[in-house]
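The following questions and answers are meant for a reader who meets this structure for the first time. Please look over the sequence and the model before reading on.

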Amino acid sequence: MKVSNNRAGQAMRHSLLASAAAMALAASPAFGQTAGAGKAAGPSSQGAETSQVTEIVVTSQFREQKLQDTPLAVTAISGAQLEARGQASVIDISAQAPNVTLRPATAIFGPSIQAFIRGVGQYDSSYAFEPGVGLYIDDVYFPTLTGSIMDLVDLDRVEVLRGPQGTLSGQNSVGGSIKIFSKKPTGSGGGFVQATYGRFNRIETRGAMDIALVPDKLFARITATGMSKDGYVTRYDYACTHPGTTAPSFQGANANCKLGTLGGKSYAAGRASLRWLASDRLEVNMTADYSRDTSEAAPTTLLFVGNQAGVPGVPNASSAFQIGGVALGNATGSPFITSSPYGAYAQDSFTRSPYVSYATFTSAAPRDGTAPYSIASRNAIEGYGVSGQIDYRLNDNLSLKSITSGRHYVTRYAFDEGTPIDTALIDNYDKLSQFSQEVRLSGNIADTVNFTVGGFYFRYNGQTRQRVNIPQLQFVENDHFQQRTKAAFANVDWEVVSGLNLIGGVRYTDASKTVTYGREGIPGSIFGGAPDPRVASLNGVVGKYAGDHWDYRGVVQYRWSPAVMTYAQISTGFTIGGVNPRAFFPAQALPFGPEKLTAYEVGLKTDLLDRRVRLNLSSFYNKYRDILVVVSTCPLPGAPPAPCALPVNAGEANVKGAEAETTLRLAPGLTLEGSLAYLDFEYTSLSPAAISSGVRPDMRGPSTPKWQYSASLQYDHEMESGAHLIPRLDLAHTAAFFQQASNSPFNRVPGRTLLNALVTWRAPGEDWSVVLAATNLTDKLYYNSVFDNRGSNNTVVGNPGAPREWSVTVKRSF
């Protein structure tokens, strides 16, 4: 396994270097052009010239508005700001966005993101569950958590909208929305190419080129990126590191005890955009993208072995979980735990490192009687998409926009709990194809009323297939999902008098979803190759959900002066319902309803002291209804109570909080940025089913840290030569939170405070730059997420964050 990974990594590195060289050569004819042409100015390039806060234009309300004129809690980040902060992934933007939690999932959920805004979101990547945070790229909706860890390259801006966006974004934006906008072609002839080398043998290239195919009419922009990087969690062969053990060895011909790593990256992606200015009324934009990610399985380490009562070792199950006479756990912990935030459960004598795993991705003695088998350590996804936007100005006061898109991806990902014992070895195959069409008619009446009306259609077909080899059941799951959505919406913004605006919106959504369960057999199994008889009757059963929903929004906005604006609003949102994806018996193939939220919010936006100080405040009170809770006991007619993982609408809660964002231009070139967030989550009612699953009224919802804050300091120093030297520090803190609705010390993610640093040198004219970067500067051990699976295989695993890393980036702009 390791040999093949190294070869793949070497091939990727060679291709990255070749692509970097090719782009550099292609850029050569443009070197004589004006330096920096076509680049958006950002704080790093303007800091030495002005003391005013940079303005960002957003389209959160279907039209272009300055951020400070938009009556929404929005964190807007320009492409230049992303570069200045060294933020390369969508996960990174949560560091400065208050009450936003974006984390990579544990390996059991594949290449997905766990996204929450103001305590509302989703961590389970199953197609049956809808993300509570809507993700959009160039106004195209992405319906799944899988594949949502986007690389941020060649962007115009990112908008993070907090609070329900039911009328503006539609379904599944009950917590908020994240909208990513790529740069449009301009025909400038500009672009860039950059290369990065860093710790863990990181090699990364990025580049973009803007071309005028027909002057003033037809433009193209090509963007490409790729990375190769070793994993930071090392997999060891337990028998090799523990001579004398009775556990078998899996290292094969290797003699260094290493089986490989986890968390290694290997991907390449490209995007091509075409922009046609057909006339002064008609503009057409088309985009095609492709990405191929062949990364290793997500970094996973074993943190605890025990039962649901928190008793270590579960001696009563040790006979079922053992290999070569070595048990998974004992009364004081596990021999396979090397480090744990949950107490002194680590017994491994080889190392105390938190970045060690004994995962083999091998089932040496499958429970279903089949031959031993191995799976690839991977967290891979391959996908492509095309989209087209048509903007037609019917007259000076009326315009039409059409957004059409199709996307497809296939993902393969593996999970191993981190021991040579196969307690829950999983090899997932998922695929999804989607199509969406949106039409908007926007206009202006008498310069006082702006309106948008439109319609939205969306559908996807998905499949998930995996071999299930848990202690209770063994079969092949092969489920098929279908979703259809139709929606109509209207939004009106009326300037009653100068400074006073009344805004209203409404959206109607009709949605349906079906799940066709597949329960197949495994050739050579103890069941004669047929499905496990305990689940066979579920094969071919179809579960259905259908429903409709109205959302509304009302806002009163008042601008007291050019420097101060306030607003008060009420808005709603929902996630569509679905059907239980983990039914073990026909009686469990039940639908669940939508989650709903009504939000009350007030906000203040200010630009003070001649725009040297920006302070934005927001406070909210949310009524969260029909909260989904997954219950582990199902007292249903015609089926045993367990195994069970049934989602039910079982709770209501009040969620309240406050947020502050500020930017201070302390002096020419010196900028201080900060944010602060407070979040309170309180259940007001819980059903008996939720209580029986361990949820209590005094518990908090998943991913609801009480406090978050960030601070950034940057100084842009212009030297006598005209070059710029720009040091920067970024501090971000997130308090501890629980990963699951049934709070437990074993699904608690500890709080963290991370410090990153960058030093940028820009040549005169800004055509060359060099960036020295360090992330997790204090080398803090932290966990992105944890997965408490004690109810199934008596383990708790975690996704440890990366240790301290350094990198050097050289960039050529033209």
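**Charges over rings**

Q: Over the ring of which residue does the charged end of arginine 157 sit?
A: The model is a predicted one. In it, the charged end of arginine 157 lies 3.9 Å from the centre of a ring. A charge is taken to sit over a ring if it is within 6 Å of the ring centre and within 35 degrees of the ring normal. The ring beneath arginine 157 belongs to phenylalanine 181.

Q: Which residue lies over the face of tyrosine 373?
A: The ring centre of tyrosine 373 has a partner at 3.9 Å. The residue that lies over this face is arginine 467.

**Overall form**

Q: How many helices and how many strands are there in the protein?
A: Both kinds of element occur in the protein. The count comes to 6 helices and 48 strands.

Q: Which radius of gyration does the protein have, and how does it relate to the globule rule?
A: For 814 residues the globule rule gives 28 Å, and the protein comes close to this, so it is as compact as a globular protein of that length. The C-alpha trace spans about 75 × 60 × 45 Å along its principal axes. The radius of gyration is 27 Å.

Q: What percentage of the residues count as buried?
A: A residue counts as buried when its relative accessible area is under 20%. The protein exposes about 30200 Å², and carbon and sulfur atoms supply 59% of that area. Of the 814 residues, the buried part is 58%.

Q: Among contacts between residues at least 6 apart in sequence, what percentage join residues at least 24 apart?
A: The contacts considered here are those in the protein between residues at least 6 apart in sequence. Those that join residues at least 24 apart make up 68%.

**The disulfide**

Q: Which two residues does the disulfide join?
A: The structure holds 1 disulfide. Its S to S distance is 1.9 Å, and a pair of cysteine sulfur atoms counts as a disulfide within 2.5 Å. The residues joined are cysteine 240 and cysteine 257.

Q: How many residues apart in sequence are the parts that this pair ties together?
A: The disulfide joins cysteine 240 to cysteine 257. Cysteine 240 lies in helix H4 (residues 238-241), whereas cysteine 257 lies in the loop between H4 and strand E15 (258-262), so the parts tied together are apart in sequence by 17 residues.

Q: Is the disulfide left-handed or right-handed?
A: The torsion about the S-S bond of cysteine 240 and cysteine 257 is about -65°. The disulfide is therefore left-handed.

Q: Is cysteine 257 buried or exposed?
A: Phi of cysteine 257 is near 70°, a positive value in a residue other than glycine. Its relative accessible area is 13%, and the limit for a buried residue is under 20%. Cysteine 257 is therefore buried.

**Aromatic rings**

Q: Is the pair of tyrosine 136 and tyrosine 141 stacked, edge-to-face or tilted?
A: By the rule used here, the count comes to 23 aromatic pairs. In the pair of tyrosine 136 and tyrosine 141, the rings are 5.4 Å apart centre to centre, with 45° between the planes. Planes under 30 degrees apart count as stacked and those over 60 as edge-to-face, so the rest count as tilted. The pair of tyrosine 136 and tyrosine 141 is tilted.

Q: Which residues form one aromatic cluster?
A: Tyrosine 136 is buried at 7% relative accessible area, and tyrosine 141 is buried at 2%. Both belong to a cluster. Its members are Tyr127, Tyr136, Tyr141, Phe456, Phe458, Tyr460 and Phe481.

**Single residues**

Q: Is alanine 446 buried or exposed?
A: Alanine 446 lies in the loop between strand E26 (426-445) and strand E27 (449-469). Its phi is positive, about 55°, although the residue is not a glycine. With a relative accessible area of 63%, alanine 446 is exposed.

Q: Which residues does glutamine 466 touch, not counting those up to four places away in sequence?
A: Glutamine 466 has its place in strand E27. This residue is buried, with a relative accessible area of 14%. The residues that glutamine 466 touches are Ile426, Asp427, Asn428, Phe475, Val476 and Glu477.

Conventions: Residues are numbered from 1 along each chain as its sequence is written. This is a predicted model: local features need pLDDT of at least 70, side-chain atom pairs count only at pLDDT 80 or more; totals for chains, interfaces and linings use all residues. Side-chain values use heavy atoms; hydrogens and water are left out. Helices (H or I, at least four residues) and strands (E, at least two) are DSSP runs, numbered from the N terminus. Buried means under 20% relative accessible area, exposed over 50%, partly exposed in between (1.4 Å probe, protein chains only). Rings of Phe, Tyr and Trp (its six-membered ring) pair if their centres lie within 6.5 Å; planes under 30 degrees apart count as stacked, over 60 as edge-to-face and the rest as tilted. The radius of gyration is taken over C-alpha atoms; the globule rule is 2.2 Å times the number of residues to the power 0.38. Contact means heavy atoms within 4.5 Å. Accessible areas come from the Shrake-Rupley method with a 1.4 Å probe; for residues, only the protein chains shown count as cover.
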